[in-house]
Amino acid sequence: MSTPTTPSSPSAESIPTPATEPAAGEPAAGSPTVAEPAPPETAAPAAPASRYSLGTFPNMFRSMFVIGLFVLALVAIVPRITQVQRPAVDAAGKASQVAAETTWRVELPRGLGQGWVPTVASYAPGTEKIPTFTTVWTTPSGADIALKQAVGVTQGWVARSVNDGQAAGTASVSGRSFERFVASDKGQLAYVVRGQGAKGLTIVASGTAKEDELKAFVAALAPVTPSADVTPAPTTSTGTTG
């Protein structure tokens, strides 16, 4: 007689384990993990504004004072040009050419020494279209003397050549008498020798030079030698002596 079989008890491994409830704040098992956002960074406090940048009047004054000192220093070290130095010209060569072309008794100063520089030498129509030979000289003191020579001049030509100066007597230099004209408003002095007759050469020396320099200049005047390479041009009478 067979003994009835007793049903076996299930093993512990086969008994399902009930799911454990997740703790508060923890993600459930098997659920994806979500990263929490990082807390925002706190900006560093701004540095206080400089009192110098506030633009107060004392600060502005100090800045302007420093800039002014800097500018003065630059002005002190940069060389300044008091006058424009003009290059010398060949006044003697031009005078010889004009003397040959016009047959005038053209004069130029000789032996003036150092410091006397001719800067202009031209022959062209002047006041009232009268042909005029003009030279301009720089004196040792830095002044200017203009020497104008022409034939058959008018009173208007003379007045313009002496810069509308007023007659102020005469001056005797090296045995020659000059009419003296003073243009006080322009600070200029002029000596004039008038030519005699229709072909007489009138000479005017005028400028800003002191009278001792003007006297030294006219004292050195002497006729030039006409150039042999220039053929005299036909001459015409212009104007009347004044």
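The legends below describe close-up views of a predicted model.

**Figure 1. Overview of the predicted chain and its elements.** The chain holds 4 helices and 9 strands, and read from the N terminus these elements follow the order α-α-β-β-β-β-α-β-β-β-β-α-β. Of the 242 residues in the chain, 30% are buried. Among contacts with a separation of 6 or more, 57% are between residues that stand 24 or more positions apart. The chain exposes an area of about 16600 Å², of which carbon and sulfur atoms supply 60%.

**Figure 2. The buried face of helix α4.** Helix α4 spans residues 211–219, and its buried residues are Glu-213, Leu-214, Phe-217 and Val-218. When the helix is seen down its axis, these buried residues fall within an arc of 130°, so they line one face of α4. The general geometry of an α-helix helps in reading this view, because with 3.6 residues a turn, residues three or four places apart point the same way. Phe-217, one of the buried residues of this helix, has a relative accessible area of 0%, and its ring appears again in Figure 4.

**Figure 3. An aromatic pair between a loop and a strand.** A search of the whole structure finds 4 aromatic pairs. One of them is formed by Trp-104 and Tyr-123, which meet edge-to-face at 5.8 Å centre to centre, with 80° between the planes. Trp-104 lies in the loop between α2 (91–102) and β1 (107–109), whereas Tyr-123 belongs to strand β2 (residues 117–125), so the pair ties together parts that are 19 residues apart in sequence. The two partners can also be described by their exposure: Trp-104 counts as buried at 16% relative accessibility, while Tyr-123, at 27%, counts as partly exposed.

**Figure 4. The aromatic cluster that includes helix α4 and strand β3.** The rings of Trp-137 and Phe-217 have centres 5.8 Å apart and planes at 70°, so this pair is edge-to-face. Because Trp-137 lies in strand β3 (residues 131–138) and Phe-217 in helix α4, the pair ties together parts that are 80 residues apart in sequence. Both partners are buried, with a relative accessible area of 7% for Trp-137 and of 0% for Phe-217. Ring pairs extend the picture to Trp-116, which is linked with Trp-137 and Phe-217 into a cluster.

**Figure 5. Two loop residues with positive phi.** In general, most residues other than glycine have a negative phi. Asn-163, which is not a glycine, nevertheless has a positive phi, near 60°, and it is located in the loop between α3 (155–161) and β5 (166–173). Ser-174 is likewise not a glycine and has a positive phi of about 50°; this residue sits in the loop between β5 and β6 (176–183). As to their surroundings, Asn-163 counts as buried, at 15% relative accessibility, whereas Ser-174 is exposed, with a relative accessible area of 60%.

**Figure 6. A nonpolar patch on the surface.** The side chains to look for in this view are those of Phe-61, Phe-65, Val-66, Leu-69 and Leu-72, which make a nonpolar surface patch of about 540 Å². Leu-69, one of these residues, is found in helix α1, which runs over residues 57–77. With a relative accessible area of 44%, Leu-69 is partly exposed.

Technical notes
Residues are numbered from 1 along each chain as its sequence is written. Side-chain values use heavy atoms; hydrogens and water are left out. Buried means under 20% relative accessible area, exposed over 50%, partly exposed in between (1.4 Å probe, protein chains only). The arc is that of the directions from the helix axis to the C-beta atoms. Rings of Phe, Tyr and Trp (its six-membered ring) pair if their centres lie within 6.5 Å; planes under 30 degrees apart count as stacked, over 60 as edge-to-face and the rest as tilted. Patches are made of residues with over 30% relative accessible area and no salt bridge: like charges are joined within 9 Å, nonpolar side chains (Val, Leu, Ile, Met, Phe, Trp, Tyr) within 5 Å. Accessible areas come from the Shrake-Rupley method with a 1.4 Å probe; for residues, only the protein chains shown count as cover. A salt bridge is a side-chain nitrogen of Lys or Arg within 4 Å of a carboxyl oxygen of Asp or Glu. Contact means heavy atoms within 4.5 Å.
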